[in-house]
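Hi,

Here is the structure I promised to pass on. Have a look at it first, and then read my notes below.

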Amino acid sequence: GVVYLLQAWAKLNWNDAVLVLGGRDSQSPFVEHLIRVTGARNVVCTGWVKDVSDFYNQISVYVQPSVTEGFGIEVLEAMAYGRAVVTTHGTGSADLVWDTGAGIVIDKGATDRWPNWLAGAIDNYKHRPDICALNGQRGREIAVDYTWDKIRARYQELWKGLLA
């Protein structure tokens, strides 16, 4: 889904904002190629981020435009850092965002429309910082229920129920 994000970013064509791409492959030749062919400007590729705090503390909105993703733990991480989220129904964690009002979820189908929809969602947050802050705060409130100790206890209860 990175290509759709880059296409959206190119449509926005802002001079006063930066798209930060993180992760191992963000500095790959393939991503460099996508940046060139989409015409996206003001893109910073950080590569692998050793301390996720460094990444989430430098952004205001987290976007994960996955076509297919098991869960997408980064969405929950962004929520824990109080960042508004834009994601797609192709990301398993989209349910957390959709059901709780912690961000904007783009329809899984019609990927040809994703660049416009992503651009609209990002633009909405830029021009409505009050909504961005509200969604970020809501995400932070939700994320506290998904720490590993709480999830581990849920798994244990689930297995106990299945084995009983």
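**Notes on T87 and its surroundings**

Leaving aside its neighbours within four places in sequence, T87 touches Q64, V75, A94, V97, I104, V105 and I106. Keep in mind that this is a predicted model.

T87 sits in strand β4. Is T87 buried or exposed? It is buried, because its relative accessible area is 0%, and the cut-off for buried is under 20%. Its side chain still has a polar partner: one of its polar atoms lies 2.8 Å from the backbone oxygen of Q64.

The next thing to look at is the strand alongside. β4 and β5 pair in the parallel sense, over 4 bridges. To get from β4 to β5, the chain passes through helix α5 (residues 94-100), and this β-α-β crossover is right-handed. Within β5, V105 is the bridge partner of T87, and V105 is also among the contacts of T87. If you want a distance to check on screen, try T87 and G103: their C-alpha atoms are 7.9 Å apart, with the two positions 16 residues apart along the chain.

There is another parallel pair to look at. Strand β1 (residues 19-22) and strand β2 (residues 43-47) also pair in the parallel sense, again over 4 bridges. Here the chain goes from β1 through helix α2 (residues 29-38) to β2, and this β-α-β crossover is right-handed. In this pair, G22 stands opposite G47 of β2.

Now for helix α6, which covers residues 114-127. It has 14 residues and reaches 20 Å from its first C-alpha to its last, close to the 20 Å expected at 1.5 Å a residue. Which residues of α6 are buried? They are W114, P115, L118, A119, A121, I122 and Y125. Seen down the axis of α6, the buried residues fall within an arc of 165°, so they line one face of the helix. The general background is familiar: an α-helix has 3.6 residues a turn, so residues three or four places apart point the same way.

What do the buried residues of α6 pack against? On the strand side, the partners are β3 (61-64), β4 (84-88) and β5 (103-106); the helices they pack against are α1 (2-12) and α7 (129-143). That brings us back to β4, the strand that holds T87.

Cheers

Conventions:
Residues numbered from 1 in each chain as written. Predicted model: local features only at pLDDT ≥ 70, side-chain atom pairs only at ≥ 80, totals over all residues. Heavy atoms only, no water. Helix = DSSP H or I, 4+ residues; strand = E, 2+ residues; numbered from the N terminus. Expected span 1.5 Å × (residues − 1). Buried < 20%, exposed > 50% of the residue type's maximum accessible area, 1.4 Å probe, protein only. Arc of directions from axis to C-beta. Contact = heavy atoms within 4.5 Å. Pairing = 2+ DSSP bridges. Right-handed = clockwise from strand over helix to strand, strands pointing away. Polar contact = N/O pair within 3.5 Å; in protein donor to acceptor, adjacent residues only side chain to side chain.
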